[in-house]
Amino acid sequence: MNVVMNNMLKTAAQEGEINLLYTIIQEDPYVLEQLDVIPFVETPLHIAASLGHLHFATEIMRLKPSFAWKLNQQGFSPIHLALQHGQMRIVQRFVDINKELVRVKGREGVTSLHFVSRYGNIDLLASFLSICPDSIEDVTIRGETALHIAVKHKQYETLQILIGWLKRTQHRGAMQIEKTILNYKDESGNTILHISALLNDSQVSYLFIRV
């Protein structure tokens, strides 16, 4: 890839300059295509997502939807980076455009739902479950569900929402999914109740009874 064009593209993403983006495309119509064929790469969407350039990120997603699924060399997609940098408007825009982005698996199989379950972003958690209910079934490379992650990080409000949502949800196969997820075992053979017992944490059992 042309080094000068690549550097200009990075500058456009860093500054959120859509006009510069199209100047670059006029110079090299294949500039975005060249990035698309590289397996692990930092695209302009990764940069814009990290810095919170909402309009630039939206324009890039419109031009190259595939960039939203790409992992950089550290194993993170644009939505992962937006979450890490607290760019919640970008995160919401991504899932508004494509709800399946909630299920993008980054490093160690972590999805956006796993991320918010660990750090307790209740608003995004509720949004993700609403627009992409199947994301509750995703597990990490260690076999952890979002519930396992919430228990391990003592995110009780998150856990309460997850359990309550499982018990109330009406989407297809809800009863079977509820039973499976609540009793799902990670790679060590532990359900969320097993983990709470290992951590000597009675709060999880209380939430099971309460919700």
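**Exercise 1. How do the residues of the lining of the largest pocket divide into nonpolar, polar and charged?**

Step 1. Sort the lining by residue class: in this predicted model, five residues are nonpolar, six are polar and six are charged.

Step 2. Put a size on the space. The largest pocket has a volume of about 370 Å³. Of the 17 residues that line the largest pocket, Arg107, Glu108, Val110, Arg118 and Ile149 are the closest to its centre.

Step 3. Now ask where the lining comes from. Helices α6 (78-84), α8 (112-119) and α10 (146-152) are the elements that give two or more residues. The biggest share is that of α8, which gives four residues.

**Exercise 2. Work out which side of helix α2 (residues 18-27) faces the protein, starting from its buried residues.**

Step 1. Pick out the buried positions: in α2 they are Leu21, Ile24 and Ile25.

Step 2. Check how they're spread around the axis. Their arc is only 100°, so they sit on the same side of α2. The background is simple: an α-helix has 3.6 residues a turn, so residues three or four places apart point the same way.

Step 3. Look at the other side of α2, where Asn19, Gln26 and Glu27 are exposed.

Step 4. Find the packing partners. The buried residues of α2 pack against α1 (3-15), α3 (31-36) and α5.

**Exercise 3. Is glutamate 59 buried or exposed?**

Step 1. Locate the residue: glutamate 59 lies in helix α5 (residues 54-63).

Step 2. Apply the cut-off. Buried means under 20% relative accessible area, and glutamate 59 has 16%, so this glutamate counts as buried.

Step 3. See what surrounds it. Beyond its neighbours within four places in sequence, glutamate 59 is in contact with Ile18, Leu21 and Tyr22. Leu21 also turned up among the buried residues of α2.

**Exercise 4. Which residues does leucine 147 touch, not counting residues up to four places away in sequence?**

Step 1. Place leucine 147 in helix α10. It's buried, with a relative accessible area of 0%.

Step 2. List the contacts: leucine 147 touches Ile136, Leu159, Leu162, Ile163, Leu166, Ile181, Leu182 and Ile192.

Step 3. Take one of these partners, Leu182. Leucine 147 and leucine 182 are 35 residues apart along the chain, while their C-alpha atoms are separated by 7.9 Å.

Step 4. Add the annotation. An unreviewed UniProt entry places "repeat: ANK" at residues 142-163. Over that stretch the chain is 68% helix and 0% strand, with the end C-alpha atoms 21 Å apart.

Key:
Residues are numbered from 1 along each chain as its sequence is written. This is a predicted model: local features need pLDDT of at least 70, side-chain atom pairs count only at pLDDT 80 or more; totals for chains, interfaces and linings use all residues. Side-chain values use heavy atoms; hydrogens and water are left out. UniProt positions are given in the numbering used here, feature names are shortened, and annotations may be inferred rather than shown by experiment. Buried means under 20% relative accessible area, exposed over 50%, partly exposed in between (1.4 Å probe, protein chains only). Contact means heavy atoms within 4.5 Å. On a 1 Å grid over the protein atoms alone, a cavity is a set of points where a 1.4 Å probe fits but cannot get out, and a pocket is an open set with protein on both sides within 12 Å along at least five of seven lines; lining residues have an atom within 4 Å of a point. Grid points are joined across faces, edges and corners, and a volume is the space filled by probe spheres set on the points. Ala, Val, Leu, Ile, Met, Phe, Trp, Tyr, Cys and Pro count as nonpolar, Asp, Glu, Lys and Arg as charged, and the others, Gly among them, as polar. The arc is that of the directions from the helix axis to the C-beta atoms.
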